[in-house]
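Me: Could you walk me through this structure, please? I am new to it and would like to take one question at a time.

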Amino acid sequence: MIKKILIYPFLLIIRFYQAAISPFTPSVCRYTPTCSHYTAEALQKHGLFRGGKLAIKRIFSCNPFGGSGYDPVPDKLHKKKN
């Protein structure tokens with residue numbers, strides 16, 4: 001319940017962007033799903049902090065020197081072993 005309350009304002013911002021801004025800008029996202037859809041899904045699956053971290057990582061990699069192609073939100077985040 002708390003998770004949904006925390007991510008709700010961010011999902012509203014994403015939906016506003018998708019409905020009011022994105023249709024009027026050129027489609028330049030290098031990934032499928034788009035960065036805005038990826039961010040919404042990451043927040044819903046992993047919550048504000050882990051989902052936010054995934055979203056920021058994805059948005060920063062969406063450039064001509066970054067990756068491209070199909071990149072779904074991971075189901076589980078694995079901790080790195082030292």
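**A friendly first tour**

Me: At which residue does the kink in α1 lie?
Reply: Happy to start there. The kink amounts to about 40° and comes shortly before the proline P9. A bend at a residue is the angle between two axes, one fitted to the seven residues ending there and one to the seven starting there. In α1, the residue with the kink is Y8.

Me: What kind of model is this?
Reply: Residues are numbered from 1 along each chain as its sequence is written, and side-chain values use heavy atoms, leaving out hydrogens and water. Local features need pLDDT of at least 70 and side-chain atom pairs count only at pLDDT 80 or more, while totals for chains, interfaces and linings use all residues, as this model is predicted.

Me: In which order do the elements of the protein run from the N terminus on?
Reply: The protein has two helices and two strands. Both are DSSP runs numbered from the N terminus: H or I over at least four residues for a helix, E over at least two for a strand. Read along the chain, the order is α-β-α-β.

Me: How far does helix α1 reach from its first C-alpha to its last?
Reply: Helix α1 covers residues 2–21, which is 20 residues. The expected span of a helix is 1.5 Å times one less than its number of residues, and for α1 that comes to 28 Å. The model is close to this, with a reach of 29 Å.

Me: What is included in the cover over the buried residues of α1?
Reply: Buried means under 20% relative accessible area, exposed means over 50%, and partly exposed is in between (1.4 Å probe, protein chains only). In α1, the buried residues are I7, L11, I14 and Q18. Their cover includes α2.

Me: Which residues does R15 touch, not counting those up to four places away in sequence?
Reply: R15 is also in helix α1, and at a relative accessible area of 40% it is partly exposed. Contact means heavy atoms within 4.5 Å. Leaving out residues up to four places away in sequence, R15 touches A40 and Q44.

Me: How many salt bridges does the structure hold?
Reply: A salt bridge is a side-chain nitrogen of Lys or Arg within 4 Å of a carboxyl oxygen of Asp or Glu. One of them joins K45 and E41, whose closest N and O atoms are 3.3 Å apart. These two are four residues apart in helix α2 (residues 35–61), so about one helical turn separates them. The structure's count of salt bridges is three.

Me: With which residue does K45 form a salt bridge at 2.9 Å?
Reply: K45 is partly exposed at 34% relative accessibility, and this partner is exposed at 61%. The pair links distant parts of the chain, K45 in helix α2 and its partner in the segment after β2 (69–70), 30 residues apart. E41 belongs to the network of salt bridges with them too. The partner at 2.9 Å is D75.

Me: Is R58 buried or exposed?
Reply: R58 is found in helix α2. Its salt bridge with D71, at 3.6 Å between the closest N and O atoms, links distant parts of the chain, as D71 lies in the segment after β2, 13 residues apart from R58. R58 also touches several other residues, including Y31, P33 and Y38. With a relative accessible area of 2%, R58 is buried.

Me: How many disulfides does a search of the whole structure find?
Reply: A disulfide is a covalent bond between the sulfur atoms of two cysteines. Here it is taken as a pair of cysteine sulfur atoms within 2.5 Å. The sulfur of C62 is 3.8 Å from the closest cysteine sulfur, in C35, which is too far for a bond. The search of the whole structure finds a number of disulfides equal to zero.

Me: Which residue holds the cysteine sulfur nearest to that of C29?
Reply: C29 is partly exposed, at 28% relative accessibility, and is in no disulfide. Its nearest cysteine sulfur is 3.4 Å away, in C35.

Me: What share of the protein's residues count as buried?
Reply: The C-alpha atoms fill a box of roughly 40 × 30 × 15 Å along the principal axes. Among contacts with a separation of 6 or more, 75% are between residues 24 or more positions apart. Of the 82 residues, the buried share is 24%.
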